[in-house]
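Below are some comments on the model you sent round. They are numbered so that you can reply to them one by one.

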Amino acid sequence: MMKLFVDTTYESDWARARWLDITGNWQHAGHFELVGGAREADAVLITLADCRSSYLEINKNIACTGAYAEYPEKCFVFDTQDSPIGLYPGLYSSLRRYLFSARRHRTGCYMQSFNEFVRADCESKSSIRWLFSFQGNLTSAVRGRLFAANYGRDDVLIERTEPFWESTGAEQQIGFKQQYALNVRQSRFVLCPRGVGVSSYRLFEVMQSGRVPVILSDHWVPPPWFDWKSCSLRVPERHVASLPEICLEALPRWESMAHQAQQQWERWFSPNGMGALVHVSIDDIRRSRRLPEAAYRLGWPIRRSAVALRQTAVRTISRLRSR
């Protein structure tokens with residue numbers, strides 16, 4: 001069994017406690033033997049879920065301190081930030097395609113859902129109201145096109161909402177989360193457009209609920225461990241206007257796709273399943289990586305420059321559009 005040291009040095013106290021529970025599930029399920037330090041570990045997982053300081057500063061610190069500085073070949077990250085750079089080998093929930101290296105990176109999920117009312121569907125299929133639905137905030141261009149679309153159907157729900165964590169008061173937060181989870185269960189297909197990052201919690205919440213996600217994110221790289229066509233629809237962002245026709249065409253298959261989605265969530269993205277995802281990802285990166293870490297670090301300046309150039313271009317385009 002692989003010996004794993006989970007390094008939560010850069011996490012908030014809340015995230016550290018959560019990781020302790022999650023990785024305990026991994027050990028109980030037989031995915032890893034957890035050890036107390038990097039020296040005795042076969043692999044080190046550096047978690048970056050709820051960082052307690054600047055993400056860019058943390059990336060610098062990882063390189064020169066801690067486990068990676070001493071044991072770079074056995075270190076991997078579990079990075080759920082919206083705009084990662086991809087300097088280190090490991091799992092990223094939202095690494096853009098142009099930064100993704102098949103030799104060093106694998107796509108992961110998020111540490112958890114923040115909606116405790118999301119659950120596997122146990123209700124009758126007769127309770128379904130929506131062909132497809134989406135509730136979310138305006139955090140990307142594709143979401144803007146969704147809000148501007150007029151589908152002219154009474155079985156489609158598109159609603160712009162503020163994040164539940166920005167709602168005022170606990171009762172409003174709970175009410176929003178309950179309604180969101182109910183709308184997911186009352187939908188056959190649930191739209192999962194990219195937000196600030198190229199991925200979204202929504203994708204995994206929909207799969208957990210046993211509904212079919214419709215992925216609208218051109219630069220997201222799916223995890224390779226199963227056939228995504230069997231449990232989801234992948235629609236180019238430019239085809240937002242065609243969503244009714246796309247969903248209707250898939251309607252005869254939706255129940256089997258929904259069943260597959262829930263099964264794959266359980267296998268790979270649930271608290272237990274994440275252990276399998278991390279294990280196979282580490283093994284796969286080790287097989288595909290051709291050079292030592294020191295050689296890959298020579299490309300870091302180019303990677304940082306590519307990210308800075310893209311950010312400059314995005315800001316320039318935004319300024320031009322606002323004129």
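1. Asn137 is in contact with Arg143, Phe147, Arg160, Thr161, Glu162 and Pro163, once its neighbours within four places in sequence are set aside. The residue belongs to the loop that runs between strand 7 and helix 4 (141–148). Its relative accessibility is 17%, and the cut-off for buried is under 20%, so Asn137 counts as buried. Please keep in mind that this is a predicted model.

2. Strand 7, which comes before that loop, covers residues 130–136 and runs parallel to strand 8, with five bridges joining the two. Within this pairing, Gln135 is found opposite Glu159 of strand 8. Helix 5 (residues 170–185) packs on the sheet here and touches strand 7, strand 8 and strand 9 (187–193). The direction of helix 5 makes about 155 degrees with that of strand 7.

3. A second helix to look at on these strands is helix 7 (residues 243–250), which packs on the sheet with contacts to strand 7, strand 9, strand 10 (212–216) and strand 11. Its direction and that of strand 7 make an angle of about 130 degrees.

4. What is the order of the five strands in this open sheet? The order is 8-7-9-10-11, and the pairing is parallel. Strand 8 (156–160) and strand 11 (233–234) are the edge strands, each pairing on one side only.

5. There is also an open sheet of six strands, ordered 2-1-3-4-5-6 and again with parallel pairing. Its edges are strand 2 (33–34) and strand 6 (105–107), each of which pairs on one side only. Strand 1 (residues 3–7) and strand 2 run parallel and are joined by two bridges. Leu4 stands opposite Leu34 of strand 2.

6. Helix 9 (residues 273–288) packs on this six-stranded sheet. The strands that helix 9 touches are strand 1, strand 3 (43–48), strand 4 (75–79), strand 5 (90–92) and strand 6. Between the direction of helix 9 and that of strand 6 the angle is about 155 degrees.

7. Is Thr23 buried or exposed? Its relative accessible area is 5%, against a cut-off of under 20%, so Thr23 is buried. Thr23 sits in helix 1 and touches Val6 and Leu34, not counting residues up to four places away in sequence. Leu34 is the residue that stands opposite Leu4. The C-alpha atoms of Thr23 and Val278 are 255 residues apart along the chain and separated by 11 Å.

8. Helix 1 (residues 13–28) also holds Trp14. With a relative accessible area of 38%, which falls between the 20% and 50% limits, Trp14 is partly exposed. Together with Phe114 and Tyr201, Trp14 makes a nonpolar surface patch of about 270 Å².

9. The last point concerns Gly210, placed in the loop between helix 6 (201–208) and strand 10. Gly210 has a relative accessible area of 10% and is buried. Leaving out residues up to four places away in sequence, Gly210 touches Ala258 and Gln262. Between the C-alpha atoms of Gly210 and Ser270, 60 residues apart along the chain, the separation is 13 Å.

Technical notes
Residues numbered from 1 in each chain as written. Predicted model: local features only at pLDDT ≥ 70, side-chain atom pairs only at ≥ 80, totals over all residues. Heavy atoms only, no water. Pairing = 2+ DSSP bridges. Helix = DSSP H or I, 4+ residues; strand = E, 2+ residues; numbered from the N terminus. Contact = heavy atoms within 4.5 Å. Axes fitted to C-alpha atoms, helices over the stretch in contact; angles between N-to-C directions. Patch = residues over 30% accessible without salt bridge, like charges linked within 9 Å, V, L, I, M, F, W, Y side chains within 5 Å. Areas by Shrake-Rupley, 256 points an atom, 1.4 Å probe, with all protein chains shown as cover. Salt bridge = Lys/Arg side-chain N within 4 Å of Asp/Glu carboxyl O. Buried < 20%, exposed > 50% of the residue type's maximum accessible area, 1.4 Å probe, protein only.
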